[in-house]
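Trainee: I should be grateful for a close look at one helix of this protein and at the surroundings into which its side chains pack.

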Amino acid sequence: MLGRRRKPRVETERMTLRLPMHSDYRDWALLREESRDFLMPWEPAWTSDHLSRKAFTNRVYWSARAEAAGTALPFFLIRRQDARVLGAITLDSVRRGPAQAGTLGYWVGERYARQGYMREAIRAVVHYAFTALDLSRIEAACLPENMASRGVLEKSGFKYEGVAQAYLQINGRWRNHVLYSNLRADRRGRTDAG
């Protein structure tokens with residue numbers, strides 16, 4: 001059919017990374033609710049309707065529009081063995097022209113943490129960004145004390161670049177973040193994290 005294009009889909013060893021669908025709501029809401037205490041210290045404050053079907057529907061529509069516009073690639077992590085939502089990874093703020101860059105954000109449900117799923121997803125999205133999207137630079141940021149996030153970035157080939165003051169509002173407060181990047185043609189060698 002004219003006007004129809006294939007939605008992006010990335011396969012990893014254990015997962016399919018794809019755009020969220022309306023049918024994901026129940027899995028997503030349950031995982032977010034049961035992981036609330038695990039996720040809230042690292043995320044922007046949740047709105048009162050964060051887990052509502054309406055908020056999720058808006059998320060699905062935003063994901064489709066952002067992907068179609070080329071400004072973001074918002075993927076859910078879907079485990080192939082049972083089609084469960086494990087978390088999400090988004091390549092956002094895609095900038096073209098001389099920048100050819102994007103910013104990576106992600107979360108994983110508490111019961112799936114520390115099992116290598118996010119490292120698998122990050123590596124796959126970075127590869128996709130460098131090859132299919134022809135980006136040159138992927139950036140990521142996390143709270144300095146979030147050692148799990150820092151570790152997964154470093155194990156995924158990201159290098160420490162510095163600190164951004166009052167970078168994002170996390171859980172209602174402006175917080176400094178450590179900055180990392182992964183470059184398509186990286187010749188920097190290992191850097192020491194700050």
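Mentor: Let us take helix α4, bearing in mind that the model is predicted. Among the residues of α4, Tyr-117, Met-118, Glu-120, Ala-121, Ile-122, Ala-124, Val-125, Val-126, Ala-129 and Phe-130 are buried. The helix comprises 15 residues, 117–131, and its end C-alpha atoms are 21 Å apart; this agrees with expectation, because at 1.5 Å a residue a helix of this length should span 21 Å.

The buried residues lead us to the core. In soluble globular proteins, nonpolar side chains tend to be buried together. Here the largest nonpolar core has 47 residues, and those with the most contacts inside it are Leu-17, Ile-89, Leu-91, Leu-104, Ile-122, Ile-138 and Phe-158. Helix α4 gives the most to this core, with nine residues. Two residues of the helix, Ile-122 and Val-126, are touched by Phe-158. Leaving aside residues up to four places away in sequence, Phe-158 also touches Leu-104, Ile-138, Glu-139, Ala-140, Leu-153, Tyr-180, Ser-181 and Asn-182.

The sheet completes the picture. Eight strands form an open sheet of mixed pairing, in the order β1-β2-β3-β4-β5-β6-β8-β7. Its edges are β1 (9–11) and β7 (159–170), each of which pairs on one side only. On average, neighbouring strands are turned by 25° against each other, direction ignored. Within the sheet, β3 (residues 73–79) and β4 (residues 84–95) run antiparallel and are joined by seven bridges. Leu-91 of β4 stands opposite Leu-73. Another helix, α1 (residues 25–34), lies across β3, β4 and β5 (101–108), at about 95° to β4.

Methods. Residues numbered from 1 in each chain as written. Predicted model: local features only at pLDDT ≥ 70, side-chain atom pairs only at ≥ 80, totals over all residues. Heavy atoms only, no water. Helix = DSSP H or I, 4+ residues; strand = E, 2+ residues; numbered from the N terminus. Expected span 1.5 Å × (residues − 1). Buried < 20%, exposed > 50% of the residue type's maximum accessible area, 1.4 Å probe, protein only. Pairing = 2+ DSSP bridges. Axes fitted to C-alpha atoms, helices over the stretch in contact; angles between N-to-C directions. Contact = heavy atoms within 4.5 Å. Core = buried A, V, L, I, M, F, W, Y, C linked by side-chain atoms within 4.5 Å.
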